[in-house]
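Subject: Handover of a structure and notes on what was found

Dear colleague,

Please find below the structure that I am handing over to you. My notes on it follow, arranged by topic.

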Amino acid sequence: MQFHLNGFRPGDPDIFPAAPKVRVPDVVVPDRVDVLIAGSGPAGLCLAAQLARVPEIRTMLVEPKLAPMEKGQADGINVRSMEMFQAFGFAEKVKRESVWINETTFWNPDPQKPENIHRVGRVQDVADGLSEMPHVLINQARVHDMYLDLMRNAPTRLTPDYGLKVSTLAVDETAKDYPVTVTLEHTAPGREGQTQIVRARYVVGCDGARSSVRKAIGGSLQGDAANQAWGVMDMLALTDFPDFRMKAIIQSAENGSVLLLPREGGYLVRIYVELDKLAADERVAERGLSADDIIAKAKRIFHPYTLDVKEVVWSSIYEIGHRLTNAFDDVSADASSDRTPRVLLAGDACHTHSPKAGQGMNVSMGDTFNLGWKLIAVLTGRSSPELLHSYTAERRAAAKALVEFDHRWARVIGTRSADDIDESMPRVQREFIANGEFTAGLTIRYEPSVLTGSEDWQHLATGFPVGMRFHSAPVIRLADAMPMQLGHAVEADGRWRLFAFAPADDSGQAGGAIDTLCDFLENSGLSPVWRHTGPDEDIDAVIDVRAVFQQGFRSLEHAAMPSLLRPKKGIYGLPDYEKVFCADVKSGEDIFALRDIDRAEGCVVIVRPDQYVSHVLPLSAHNELSRFFAGFLLPVREAVGEPA
C-alpha cells in the first residue's frame, strides 16, 4: 500500500482522514441518501466497504439485528474470495486467523463391515496453479468484522444503523432524483413498529432469502427443494476419528452422510449432518429436531469411531432449497431501454442453495464486488446509469450456474453411487476433482458486452482469458526489487488497470512499443487516460497504467522508463515508483511463460476494478483502446485529433 503522498501522516495508514460532516448512526436518520443498503451480511458489507471510501457518496446500511454477528452461519472462503480480500487489504489477516483446507478425505462403508466407515480416498483440496491463495475456513462473523473495520476507517466513517429494517419501498419512475422512497421500521425494544421515511437514489437489497426489498419490486425465488433435513453444528469434541482436522466427506451405509470441516483456532470443528427425509409438503420446523438429534445421528455415522461433544457453540436445522429470483433489479426486460435500475438485489435475496458446496458467502460477496464499482462510477459521474444494466446481465448468469451446480452436488453428497464399491475412486471424489475450479470460484466468465471485449487478440495472452478473473503471477518490482504478485496491484478502489506486457526487445527505450503506447496514453487528445481523467486529478485516478518487462530487474533502469510509468502525483508532484515490473527470472516463475504471453509482440491486458479481464489488445491498438473505454466512461474532455 502507498501513503504519505500528500505529506507525512503518523499513525495507522489504514485509517483515512475523516470526510466533513460524518453522520453518526442511531442519532439522526437522514432524509436522503445516495445508496441505502438493506442487510449487513457479507453482500451488504462488501458493498458498504467499497462505497465508504468515497466521501461524496452518502451511504446508509440498515440491519434489523441490534448488534453485529458473533458466530455461526457461513464459514468457507474460496480462493477467488481470498483474491478479492487481497484487493481490500485483509487477505493476510484472514490467512493468519483461518484454518487452511489443504486436503480432503473421503469415507465410505467398509465392505467387510458395512456398519463401519473407512477411508477410501484423499485429494489435494486446491489443485496446483489455480491461485496464489488458499481455500480457508473462518467464522463469518470475523469476515464481517474486517469489513466493518474498513468502513469505520474509511473517510465516511460508515457504520450500520442497527435496529432498522426495510418495511416498504416505492420507485417513482418520473422523479429525476432520489426516486426511491423507503419506509424503515424500527426493531429495537421499545421502538418496535415506529417508522421513518428515507429517500434514496439507489437501494440494494442484501436482506436474505425473505427479502423485503425483493418482495417490494415484485420478485420471487423460484426453484425446488430437496425435501431433506440437514443439521449443522460448530462444536468442541473428543474423538478418535483420524481425519478430525481434515475436510472429510463421510457416507455411511444406513445413516446418511456427514461433511466435516475443521475450523479456525485448532480445536473447533463444524459438521453438516444428513437428518430426516421430509414429505413434499413438510417443513423442517415441524419435526422439532434439535442439536441432540444432530449429535446422535453424527455418532451413528462416525461408527466405529467415537464422538464425545463437549460444547455446542452454534447449531441450526435447515432444509435444502435451490432457488433463483426472477429479477435482480426493478427493471423488466422489455423496459431496459427506457429506464435504468434503481433497486437491485444481491446475495441470498436473489439466490439460495445448500451450504455444502461452500459457495453462499463467496457468491454473495462476488455480487456486490461486481456492483460496488459500478455504483461508484455512476454516482461520481464517471459512467452513465446505463452501466448498471450490466449487473443483472453478469451476476444472474453466475447465480444460475451456482444453483444448478449446488443442485447436483447436494445429491452427490447425500447419496452413494452403486459403483462406489470401486474404492479406488468413489463417485463423490470424482465429482469433487472434476468441479475443483468451480468450487474455487474460478469458472465465472462474463459474456462479451460493453465491459468485456472480443477474443480477437486472445492469442496474445491465452493465460488471461477475456471475461474471467485476472490470474495473478509472480513479478519483481523494478524500482525496489520487491518480489510480489502482479494481481495484488489491483486494489478495491474503483480504478481500471491497464497492464502493458513488453515485447522481448523492449526495455522501455524511446520509440519502443511500451514508450509509444505510454506517449499516446499520456499526451494524445484521443487517449482514454486524457479523455476520462480530470485536469486536477492524478493521471492514474481512473486508469492505472503499469508495465511488465521480460528482462530481469538488474537489466533495466527505472529512470529510463517512459514518464507515464513514473507519474508525478499529489500536492508535491512526487513520482510513483510502483508502476514497472519485471519477470521473476531468478525463481523461474516467469509470468510471460506462466500466462502464455506472446514474447515477440507483447500485449495490453485491461483489468476491471473487480479483478476481471475486460480485454486483450495489441500494444499498437491505440484506437481500439480509446473506443473500448469510451463505451462505458463519460468523457471529461472532448477528443482532440483524428484516429490514426
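The side chain of Gln140 makes a polar contact with the side chain of His144, at 2.9 Å. Please bear in mind throughout that this is a predicted model. Gln140 belongs to helix H4, which covers residues 140-153. A polar atom of the Gln140 side chain also lies 2.9 Å from the backbone nitrogen of Ala74. Is Gln140 buried or exposed? Its relative accessibility is 4%, so Gln140 counts as buried, the limit for that class being under 20%.

Domains

The domain assignment divides the protein chain as follows:

- Domain 1 is made up of 32-73 + 139-223 + 323-412.
- Domain 2 is made up of 99-137 + 225-319.
- Domain 3 is made up of 458-631.

Between the C-alpha centres of domain 1 and domain 3 there is a distance of 33 Å. How many residues of domain 1 are in contact with domain 3? There are seven, and they meet 12 residues of domain 3.

The UniProt record, an unreviewed entry, lists residues 444-635 as "domain: Phenol hydroxylase-like C-terminal dimerisation". In the model, the span 444-635 is 15% helix and 20% strand. The C-alpha atoms at the two ends of this span are 30 Å apart.

Aromatic rings

A pair of aromatic rings is described by the distance of the centres and the angle of the planes. Across the whole structure, a search finds 24 aromatic pairs. One of them is the pair of Phe88 and Phe90, which is stacked, with 6.2 Å from centre to centre and 20 degrees between the planes. Phe88 and Phe90 are both buried. Another pair, Phe628 and Phe632, is edge-to-face, with 5.2 Å from centre to centre and 80 degrees between the planes. Phe628 and Phe632 are likewise both buried.

Which residues form one aromatic cluster with Phe88 and Phe90? They are Phe85, Tyr147 and Phe369.

Two arginines are placed over aromatic rings. Arg342 lies over the face of Tyr202, 4.9 Å from the ring centre. Arg637 lies over the face of Trp530, 4.5 Å from the ring centre.

Backbone geometry

Most residues other than glycine have a negative phi, and most peptide bonds are trans. Three places in the model deserve a note against that background.

The peptide bond from His303 to Pro304 is cis, and its omega is near 15 degrees. Pro304 is located in the loop that runs between helix H6 (291-302) and strand S16 (307-325).

Ala481, a residue other than glycine, has a positive phi, near 60 degrees. It sits in the loop between strand S19 (474-477) and strand S20 (482-485). Ala481 counts as partly exposed because its relative accessibility is 31%.

Asp596 is not a glycine either, yet its phi is positive, at about 50 degrees. The loop that holds Asp596 lies between helix H13 (591-594) and strand S26 (603-607). Why is Asp596 classed as partly exposed? Its relative accessible area is 43%, and the class lies between the limits of 20% and 50%.

For a first look, I suggest beginning with Gln140 and its polar contact with His144, then turning to the cluster that includes Phe85 and Tyr147.

With kind regards

Conventions:
Residues are numbered from 1 along each chain as its sequence is written. This is a predicted model: local features need pLDDT of at least 70, side-chain atom pairs count only at pLDDT 80 or more; totals for chains, interfaces and linings use all residues. Side-chain values use heavy atoms; hydrogens and water are left out. Helices (H or I, at least four residues) and strands (E, at least two) are DSSP runs, numbered from the N terminus. Buried means under 20% relative accessible area, exposed over 50%, partly exposed in between (1.4 Å probe, protein chains only). A polar contact is a pair of N or O atoms within 3.5 Å; within protein, one must be able to donate a hydrogen and the other to accept it, and residues adjacent in sequence count only if both atoms are side-chain atoms. Rings of Phe, Tyr and Trp (its six-membered ring) pair if their centres lie within 6.5 Å; planes under 30 degrees apart count as stacked, over 60 as edge-to-face and the rest as tilted. A charge sits over a ring if NZ of Lys or CZ of Arg is within 6 Å of the ring centre and within 35 degrees of the ring normal. UniProt positions are given in the numbering used here, feature names are shortened, and annotations may be inferred rather than shown by experiment. Domain bounds come from an automatic or database domain assignment. Contact means heavy atoms within 4.5 Å.
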